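Q: Please take a close look at one part of this chain, the nonpolar core, and then set that part against the chain as a whole.

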Amino acid sequence: MRVVDAFRAAFGADPRTVWHAPGRVNLIGEHTDYNDGFVLPFAVPWGVTAAVSPRDDATIRLLSLQSTGDPLVITDHEESQGWSRYVVGVLAMLGDRVRGADIAIDGDVPQGAGLSSSAALEVAVASALNDLYDLGMTPMELALLSQRAENDFVGMPCGIMDQAASALSAEGHALFLDCRSLGSRNIPLDLAAHGLTILIIDTQVHHEHAGGEYAKRRAECESAARKLGVAALRDVTDLAGALDRLQGAERKRTMHIVTENHRVEALIGLLRAGAITEIGALLNASHLSLRDQYEVSSPELDLAVEASLRGGARGARMTGGGFGGSAIALVPDERLEDVKESVSAAYAERAWQAPRFLPATPSPGARRLS
Ligand code: GLA
């Protein structure tokens with residue numbers, strides 16, 4: 001493994017453990033996680049591999065195969081910068097349960113595609129340290145710790161979906177997660193048996209204001225829940241009554257969250273019934289709701305969705321936080337080339353940067369490699 005070779009070259013010994021954690025796409029259930037709702041992501045074939053050894057002192061030495069130069073040497077958590085904060089944040093959250101560490105990182109999650117490379121990094125490092133220090137943490141506890149690192153150390157107010165998907169996914173399955181109880185179930189997602197592919201369409205566009213808009217959506221949802229007298233929008237049972245009591249952005253956000261939770265449940269019902277070919281309409285409805293009610297799509301995502309449907313996809317939607325990143329399309333295998341051509345041609349017509357296409361195979365969650 002090249003990450004082991006790099007570790008040995010940099011630190012002069014073999015790593016004590018090597019863990020891999022994947023990125024994710026979300027099949028459905030968008031922006032519902034921080035509303036205590038339902039999500040249905042699955043792990044992608046790309047992720048982060050972390051080779052780790054413990055140290056006797058509090059120093060962190062950190063090497064990434066995706067960066068040039070010598071390993072970073074971090075003696076003060078607060079001085080860490082950039083991508084290293086995801087790693088240092090995990091160590092900071094573990095506190096005096098761990099000391100320092102030598103860490104080499106190798107990642108292949110396509111950057112900027114909204115496939116949760118940061119969650120993969122956090123979960124890979126957290127899993128390795130859990131193993132090395134015999135902490136006995138469950139995959140969900142590791143996901144929660146990783147989320148705390150991102151919320152409290154990196155400063156991104158994300159929900160639990162990405163880290164849970166990375167820690168708990170199973171090959172050939174999507175992960176159904178109730179973000180309030182944290183109960184989860186792996187739901188079979190047998191695409192190949194139905195001649196289907198979930199195609200990721202990476203717009204290669206990432207809008208700068210995404211972080212600020214995310215925090216704004218969260219605040220709007222919390223404010224709407226307060227006005228409705230519920231703990232979270234998940235608890236709205238009378239949607240019409242709730243909408244009567246809200247206005248403007250809060251009304252629209254509530255409409256999205258409540259209907260999106262219904263769509264997750266409906267989609268699971270279809271999967272259970274073996275009707276995977278019928279889920280397309282729910283994907284389309286999710287996209288329209290994210291575009292019109294939640295207002296987190298972008299022209300590039302909308303075009304990817306429209307053009308893939310014209311090319312023969314059974315359904316399509318933006319996936320992840322929005323404002324760029326990727327869309328997913330559910331495509332019969334015999335229409336894959338038509339869909340790619342349709343999307344590429346639509347982008348070319350507008351002289352936009354060509355999108356990238358990646359097949360998303362439901363892959364295993366975090367695991368030890370050696
Ligand atoms: C980002 C966040 C997740 C989730 C999605 C939207 O990926 O990290 O917690 O809120 O956006 O569904």
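A: What follows describes the core, then the whole chain, and then two individual residues.

This is a predicted model, in which local features need pLDDT of at least 70 and side-chain atom pairs count only at pLDDT 80 or more, whereas totals for chains, interfaces and linings use all residues. Residues are numbered from 1 along each chain as its sequence is written, and side-chain values use heavy atoms, with hydrogens and water left out.

A nonpolar core is here a set of buried Ala, Val, Leu, Ile, Met, Phe, Trp, Tyr and Cys residues joined through side-chain atoms within 4.5 Å, where buried means under 20% relative accessible area, exposed over 50% and partly exposed in between, with a 1.4 Å probe and protein chains only. The largest such core has 43 residues, and those with the most contacts inside it are Val52, Val90, Ile103, Ile105, Val125, Leu129 and Ala164. Helix H3, residues 117-132, gives the most to this core, with nine residues; helices (H or I, at least four residues) and strands (E, at least two) are DSSP runs numbered from the N terminus. When neighbours within four places in sequence are left aside, Val125 is in contact (heavy atoms within 4.5 Å) with Ala50, Val87, Val90, Ile103 and Ile105. Apart from the largest core lies another, of 39 residues, among them Ile201, Ala242, Leu246 and Met318. In soluble globular proteins, nonpolar side chains tend to be buried together.

Turning to the whole chain, its secondary structure comes to eleven helices and twelve strands. Its radius of gyration, taken over C-alpha atoms, is 21 Å, close to the 21 Å that the globule rule gives for 370 residues, so the chain is as compact as a globular protein of that length; the rule is 2.2 Å times the number of residues to the power 0.38. Buried residues make up 57% of the 370 residues, and among contacts between residues at least 6 apart in sequence, 72% join residues at least 24 apart.

Two residues outside the buried class complete the picture. Leu72 lies in strand S4, residues 72-74, and counts as partly exposed at 36% relative accessibility; leaving aside neighbours within four places in sequence, Leu72 is in contact with Ile60, Arg61, Leu62, Trp83 and Ser84. Gly229, by contrast, sits in the loop between helix H6 (210-228) and helix H7 (239-244) and is exposed, with a relative accessible area of 64%.
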